[in-house]
Amino acid sequence: MLSKKIETALNKQVRIEAESSQIYLSMASWSETNGLEGISKFMYAQSDEERVHMLKLMKFINERGGHAQVTELTSPKTNYETFQEMFEELYKHEVFVSNSINELVHISLTEKDYASHNFLQWYVAEQIEEEAVAKTILDKINLIGDDKGGLYLFDRDIQQPNINGAKK
């Protein structure tokens, strides 16, 4: 059984994962309308992945005797000056999500809820990967600078399965 404290914290993470999916979805739409097909495909796939993270949390909460909550979401930003700005915001958001997961792990330990602690280790590992991918992409974008040819190649290459490292 989940304590109320853990249930509340996990439900907060459900919302964060749902909002993450919406952020990626908004970025996908912006990219698509700005002719960045590769980036758009990448963002749509990331949006789907974040939704899976949310659903995994919801199932865990319900299976442990809690009640997963679907709440109102904050609207994501819909416009960016540049694709670089978009990826900078993406990286900052992934760091925010990592901090939230770390706080959940801390709460699970203080509550002596080792089942939740064990469950959350998947999210810890996932966030290490998410941050690394975002940072690698941002580093590549910084190398490109204002080179339109570089942007073209980057947009094409981000569609490749190996552009984002260990991603599935």
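Helices, in what follows, are DSSP runs of H or I with at least four residues, numbered from the N terminus. The model is predicted, so local features need pLDDT of at least 70 and side-chain atom pairs count only at pLDDT 80 or more, whereas totals for chains, interfaces and linings use all residues. Residues are numbered from 1 along each chain as its sequence is written, and side-chain values use heavy atoms, with hydrogens and water left out.

**Exercise 1. Locate Asn102, state whether Asn102 is buried, partly exposed or exposed, and give its C-alpha separation from Tyr123.**

Step 1: Asn102 is placed in helix 3, a helix that covers residues 83–110.

Step 2: the classes of exposure are set by relative accessible area, with buried under 20%, exposed over 50% and partly exposed in between, using a 1.4 Å probe and protein chains only. Asn102 has a relative accessible area of 43% and is therefore partly exposed.

Step 3: although Asn102 and Tyr123 are 21 residues apart in sequence, their C-alpha atoms are 9.1 Å apart in space.

**Exercise 2. Compare the end-to-end spans of helix 1 and helix 2 with expectation, and find which glycine follows each helix.**

Step 1: the expected span of a helix is 1.5 Å times one less than its number of residues.

Step 2: helix 1, residues 4–33, has 30 residues and should span 44 Å, which agrees with the 44 Å between its end C-alpha atoms. Helix 2 has 27 residues and reaches 39 Å from its first C-alpha to its last, close to the expected 39 Å.

Step 3: helix 1 is followed by Gly35, with a positive phi near 75°, and just after helix 2 comes Gly65, with a positive phi of about 90°.

**Exercise 3. Describe the geometry of the aromatic pairs Phe60–Phe119 and Phe87–Phe154, and say which parts of the chain each pair links.**

Step 1: a pair of aromatic rings is described by the distance of the centres and the angle of the planes. Here the rings of Phe, Tyr and Trp (its six-membered ring) pair if their centres lie within 6.5 Å, and planes under 30 degrees apart count as stacked, over 60 as edge-to-face and the rest as tilted.

Step 2: the search of the whole structure finds 6 aromatic pairs. In one of them, Phe60 and Phe119 have ring centres 3.9 Å apart and planes at 5°, so this pair is stacked. Because Phe60 lies in helix 2 and Phe119 in helix 4, the pair ties together parts that are 59 residues apart in sequence, and both residues are buried.

Step 3: Phe87 and Phe154 form an edge-to-face pair, with 6.1 Å from centre to centre and 85° between the planes. This pair links distant parts of the chain, with Phe87 in helix 3 and Phe154 in helix 5 (residues 148–157), 67 residues apart. Phe87 is buried at a relative accessible area of 0%, and Phe154 is buried at 5%.

**Exercise 4. Identify the members of the aromatic cluster that holds Phe60, and find which charged end sits over the ring of Trp122.**

Step 1: Phe60, Phe119, Trp122 and Tyr123 form one aromatic cluster.

Step 2: a charge sits over a ring if NZ of Lys or CZ of Arg is within 6 Å of the ring centre and within 35 degrees of the ring normal. The charged end of Lys56 sits over the ring of Trp122, 3.6 Å from its centre.

**Exercise 5. Characterise the largest cavity by its volume, its lining and the helices that supply that lining.**

Step 1: on a 1 Å grid over the protein atoms alone, a cavity is a set of points where a 1.4 Å probe fits but cannot get out, and lining residues have an atom within 4 Å of a point. Grid points are joined across faces, edges and corners, and a volume is the space filled by probe spheres set on the points.

Step 2: the whole structure yields 1 cavity of 30 Å³ or more, and about 30 Å³ of space lies in the largest cavity.

Step 3: the lining consists of Tyr24, Phe42, Gln46, Leu90, Glu130, Val133 and Ala134. Helix 2 (37–63) and helix 4 (114–144) each supply at least two residues, and helix 4 gives the most, with 3 residues.

Step 4: with Ala, Val, Leu, Ile, Met, Phe, Trp, Tyr, Cys and Pro counted as nonpolar, Asp, Glu, Lys and Arg as charged, and the others, Gly among them, as polar, the lining divides into 5 nonpolar, 1 polar and 1 charged.

Notes. On a 1 Å grid over the protein atoms alone, a cavity is a set of points where a 1.4 Å probe fits but cannot get out, and a pocket is an open set with protein on both sides within 12 Å along at least five of seven lines; lining residues have an atom within 4 Å of a point.
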